[in-house]
Amino acid sequence: MTRGAKGGAAARDSLACIMASDFSIRPARPGDEAGIFALIQALAAYEHLTHVVTGSAAELAPHLFGARPAAEALVVEAEQRLVAFALFFGNYSTFLTSPGLYLEDIFVLPDYRRRGIGKALLAAVAGVASERQCGRLEWSVLDWNASAISFYERVGASVLPDWRICRVTGTALSSLAKGD
């Protein structure tokens, strides 16, 4: 993949673009933030979580393409528009003593599902992890999303029943940071 403008964080590995007969996968680049944010909003609507989305495309841009990117994204183009994205970032496994990738979100617009886009997009992220010699690729899935769970299991993922996500946000994060 190629690096985004101004040192941005499009994955810099060998995958420049994946072409299929009716879609292509490529690293996100400056100018994609509005399309990616629209997909984030569509994901939030699908997950019944629109009330949680507080950001904007303008806030997303420096996190993907700024001097010190916090995340990377791959996007899927079909019919001259963005129809899917995967947003991920590096993490580390102390047990494996190896870097990893965490897939924060992967989403395909409903009208573009069952075309192989999701599988190709997940495979592209796995390719980034493999090329970077990551020990694992991880993500979360909502427990009610049976179709996603089934899809992930079909591609070889293990859904870990014993783990729970812990999260601290807003005033609780500020309070914790202050030692309260």
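So, burial to begin with: of the 180 residues in this chain, 37% are buried. Keep in mind that this is a predicted model. On the outside, the chain exposes about 10900 Å², and 54% of that comes from carbon and sulfur atoms.

Now the layout. We have five helices and six strands. If you walk along from the N terminus, the order goes β-β-α-α-β-β-β-α-β-α-α. And what about contacts across the sequence? Taking contacts in the chain with a separation of 6 or more, 58% of them are between residues 24 or more positions apart.

Okay, salt bridges. How many are there? The count is four. Let me start with D32 and R26, whose side chains meet with an N to O distance of 2.7 Å. Are those two buried or exposed? D32 and R26 are both buried. They also belong to something bigger than a pair, since R26, D32 and E77 are joined in a network of salt bridges.

Next up, R132 and E72. Their side chains form a salt bridge too, at 2.8 Å from N to O. Here's the bit I like: this pair ties together distant parts of the chain, 60 residues apart. R132 sits in the loop between α3 (117-131) and β6 (136-139), while E72 is in strand β3, residues 72-78. The two ends aren't covered alike, either. E72 has 11% relative accessibility, so it counts as buried. R132 has a relative accessible area of 25%, so that one is partly exposed.

Then there's E138 with R136, where the closest N and O atoms of the salt bridge are 3.7 Å apart. Where do these fall on the burial scale? E138 comes out partly exposed because its relative accessible area is 27%. R136 is at 36% relative accessibility, so it counts as partly exposed as well.

Last thing, for anyone thinking about cysteines. How many disulfides does the structure hold? Zero. Take C134: its relative accessibility is 18%, so C134 counts as buried, the cut-off being under 20%. C166 is another story, with a relative accessible area of 76%; anything over 50% is exposed, so C166 is exposed.

To wrap up, then: four salt bridges, a network made of R26, D32 and E77, and no disulfides. If you've got the structure open, have a look at R132 and E72, the pair that links distant parts of the chain. That's me done, thanks.

Key
Residues are numbered from 1 along each chain as its sequence is written. This is a predicted model: local features need pLDDT of at least 70, side-chain atom pairs count only at pLDDT 80 or more; totals for chains, interfaces and linings use all residues. Side-chain values use heavy atoms; hydrogens and water are left out. A disulfide is a pair of cysteine sulfur atoms within 2.5 Å. Buried means under 20% relative accessible area, exposed over 50%, partly exposed in between (1.4 Å probe, protein chains only). Helices (H or I, at least four residues) and strands (E, at least two) are DSSP runs, numbered from the N terminus. Contact means heavy atoms within 4.5 Å. Accessible areas come from the Shrake-Rupley method with a 1.4 Å probe; for residues, only the protein chains shown count as cover.
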